[in-house]
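Okay everyone, thanks for coming. Let me put the structure up and walk you through a few parts of it.

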Amino acid sequence: MAEAQSDEGQAKAILTAMTAYLAASPSLSFDVDTSFEIVTTDDQKLAITSSASVALQRPDKLRVVRHGGFDTVHLVFDGTTFSVLSEEKSVYGQGEIPGSVDQLIETLRETYGRPLPAADLLGSDAGAVLLEDVTEMRDLGSGVIRGQECDHLAFRTPEVDWQIWIAQGDVPHPCRFVITSHKVTGWPQYTLDFSAWGSGGAEADFTFVAPQGATKADLAAVPGLDDLAGIYAAPGGN
């Protein structure tokens, strides 16, 4: 029992050090490759992939450019207005969401049901968010992602299992984050692979200018806010 408690304590300490580092960073920039698995009604597992570049300047600036096989989507938050542009459809939407990046993340998740890429890691209270409902945690030792030695941690909740690989050293950033839905047939996974970590968020442009000829639509109607990009619908959906 003492060994298990030590293992859990080490896992929590490593995760807490990472989330404290991220929260204390006034600006961040990184690239992320995502793989979002779905299970079809005939039990075929499919993976939808995309790549994104993220720039964050605390407390209230965010820019995300996500490239997928069906669209390139721009998401910009300037502390007052959240803007989304679908390049493929030449459609954009805007909504007034004054406040911090934390408030933006919450509004998009609760009001629109569309979380931002890596949202659980971007908030100022990421540690509490990640550890909410965790019933088990383990330090699995070292792993290597793209040549970077990482601490490999595993966590369980009643709904999902998740793993994270955190770079060792003075910059404890996430290298890989994998969420497994063990309540869904086929155990689909959502994988985020991070690269190019830096402080480039301080130099990013957080203004949004709609392209000439683009059509304005309701924010919720702009395609591409989520990983499905409007190309698949859940059973019973539109």
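When I say two things pack or touch, I mean contact, that is, heavy atoms within 4.5 Å. Helices (H or I, at least four residues) and strands (E, at least two) are DSSP runs, numbered from the N terminus. This is a predicted model, where local features need pLDDT of at least 70 and side-chain atom pairs count only at pLDDT 80 or more, while totals for chains, interfaces and linings use all residues. Residues are numbered from 1 along each chain as its sequence is written, and side-chain values use heavy atoms, with hydrogens and water left out.

So, the sheet. Twelve strands make an open sheet with mixed pairing, running E7-E8-E9-E10-E11-E1-E2-E3-E4-E5-E6-E12; strands pair if DSSP finds at least two bridges between them. E7 (136-145) and E12 (215-216) are at the edges with a single partner strand each, so one side of each has no neighbour in the sheet.

Now helix H2, residues 101-110. Its buried residues (under 20% relative accessible area, 1.4 Å probe, protein chains only; exposed is over 50%, partly exposed in between) are Val 101, Leu 104, Ile 105 and Leu 108. They pack against strands E2 (45-57), E3 (61-68), E4 (72-77) and E5 (81-86), plus helix H3 (119-122).

Last bit: how many disulfides, meaning cysteine sulfur pairs within 2.5 Å, does a search of the whole structure find? Zero. The sulfur of Cys 150 has its closest cysteine sulfur in Cys 175, but at 3.4 Å that's too far for a bond. Cys 150 is buried, at 0% relative accessibility, and Cys 175 is buried too, at 2%.

Key: A disulfide is a pair of cysteine sulfur atoms within 2.5 Å.
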